Amino acid sequence: MLMNNWFECKVKTEKTLENGTQKKVTEPYLVDALNFTEAEARIIKEITPYCNGQLEVADIKRVKYSEMFTNDAESADKWYKAKLMFVTLDEKSQTEKKTATLMLIQASDFKDALATLEEGMKGSMVDYEINLIQETNILDVFPFDAEEKKDKPEYES
């Protein structure tokens, strides 16, 4: 899935701990949106049903992932980022050129993330090197849903 406009939203909420006490936590989520305003509105809409108490969007920043590889396994509950270097040959100078790109991978552990990445890159025609695979603290990802948008008018009179 191609990813263009992703925003990492840090949301402050209150969680009920096992002993029944309330604790304020800040949790990061990823939202597909056109701009910061839409990202804030989408994350509030997505998270509100799961919150008891007050919700505050503490921070929003744009992140650049060029690709996302999802995993349907129930155990795939973590998100990993991978830094790949695409290797191309400059025809004029006959030198290798490396271009860095970040990808997001849903997986259960590091080995699963590597396998999911390699499976997703199987059809790639470009040579690449994997420089990094690292677990992120992202709790969930909310991609754009065209069906949801289709039901609502673009504007109301």
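1. Start with Phe7: at 0% relative accessibility this residue counts as buried. Keep in mind that we're looking at a predicted model. Phe7 has an aromatic partner in Phe36, and the two ring centres lie 4.9 Å apart. With the planes at 70°, the pair is edge-to-face, because anything over 60 degrees goes into that class. Phe36 is less hidden than the 20% limit for buried would need: its relative accessibility is 38%, so Phe36 counts as partly exposed. The two rings come from distant parts of the chain, Phe7 from strand 1 and Phe36 from helix 1, 29 residues apart.

2. How many aromatic pairs does the whole structure hold? A search finds two, and the other one joins Tyr29 and Phe142. Here the centres are 6.1 Å apart and the planes sit at 35°, so the pair is tilted. This pair also links distant parts of the chain: Tyr29 belongs to strand 2 and Phe142 to strand 8 (residues 141–142), with their positions 113 residues apart. Both rings are out of the way, Tyr29 being buried with a relative accessible area of 9% and Phe142 being buried at 12%.

3. Now the core. Phe7, Tyr29 and Phe142 are all members of the largest nonpolar core, which has twelve residues in all. Other members include Cys9, Val11, Val31, Ile43 and Val57. Which elements give two or more residues to this core? They are strand 1, strand 2, helix 1 and strand 3 (56–63). Ile43 is a good residue to click on: leaving aside neighbours within four places in sequence, Ile43 is in contact with Cys9, Val11, Tyr29, Val31, Val57 and Phe142. Apart from this core lies another one, of eleven residues, among them Phe69, Leu84, Ile105 and Leu117.

4. On to charges: the structure holds four salt bridges. One of them joins the side chains of Lys15 and Glu27, at 3.5 Å from N to O. This pair links distant parts of the chain, with Lys15 in strand 1 (residues 6–16) and Glu27 in strand 2 (residues 22–32), twelve residues apart. Are the two partners buried or exposed? Lys15 is partly exposed at 35% relative accessibility, whereas Glu27 is buried at 14%.

5. A second salt bridge sits within helix 1 (residues 36–47), between Glu46 and Arg42. The N to O distance is 3.6 Å. Because Glu46 and Arg42 are four residues apart in the helix, about one helical turn separates them. Arg42 counts as buried, at 12% relative accessibility. Glu119 and Lys122 form another salt bridge, with the closest N and O atoms 3.1 Å apart. Lys122 counts as exposed, with 61% relative accessibility.

6. Last, the sheet. Four strands form an open sheet in the order 4-6-5-7, with mixed pairing. Strand 4 (67–69) and strand 7 (127–135) stand at the edges; each has a single partner strand, so one side of each is left without a neighbour in the sheet. On average, neighbouring strands of this sheet are turned by 25° against each other, direction ignored. Strand 7 pairs with strand 5 (residues 78–90) in the antiparallel sense, over eight bridges. To find the register, which residue of strand 7 is the bridge partner of Tyr80? The partner is Glu135.

Terms used: Residues are numbered from 1 along each chain as its sequence is written. This is a predicted model: local features need pLDDT of at least 70, side-chain atom pairs count only at pLDDT 80 or more; totals for chains, interfaces and linings use all residues. Side-chain values use heavy atoms; hydrogens and water are left out. Buried means under 20% relative accessible area, exposed over 50%, partly exposed in between (1.4 Å probe, protein chains only). A nonpolar core is a set of buried Ala, Val, Leu, Ile, Met, Phe, Trp, Tyr and Cys residues joined through side-chain atoms within 4.5 Å. Contact means heavy atoms within 4.5 Å. Two strands pair if DSSP finds at least two bridges between them. Axes are lines fitted to C-alpha atoms, for helices over the stretch in contact, and angles run from 0 to 180 degrees between N-to-C directions. Rings of Phe, Tyr and Trp (its six-membered ring) pair if their centres lie within 6.5 Å; planes under 30 degrees apart count as stacked, over 60 as edge-to-face and the rest as tilted.
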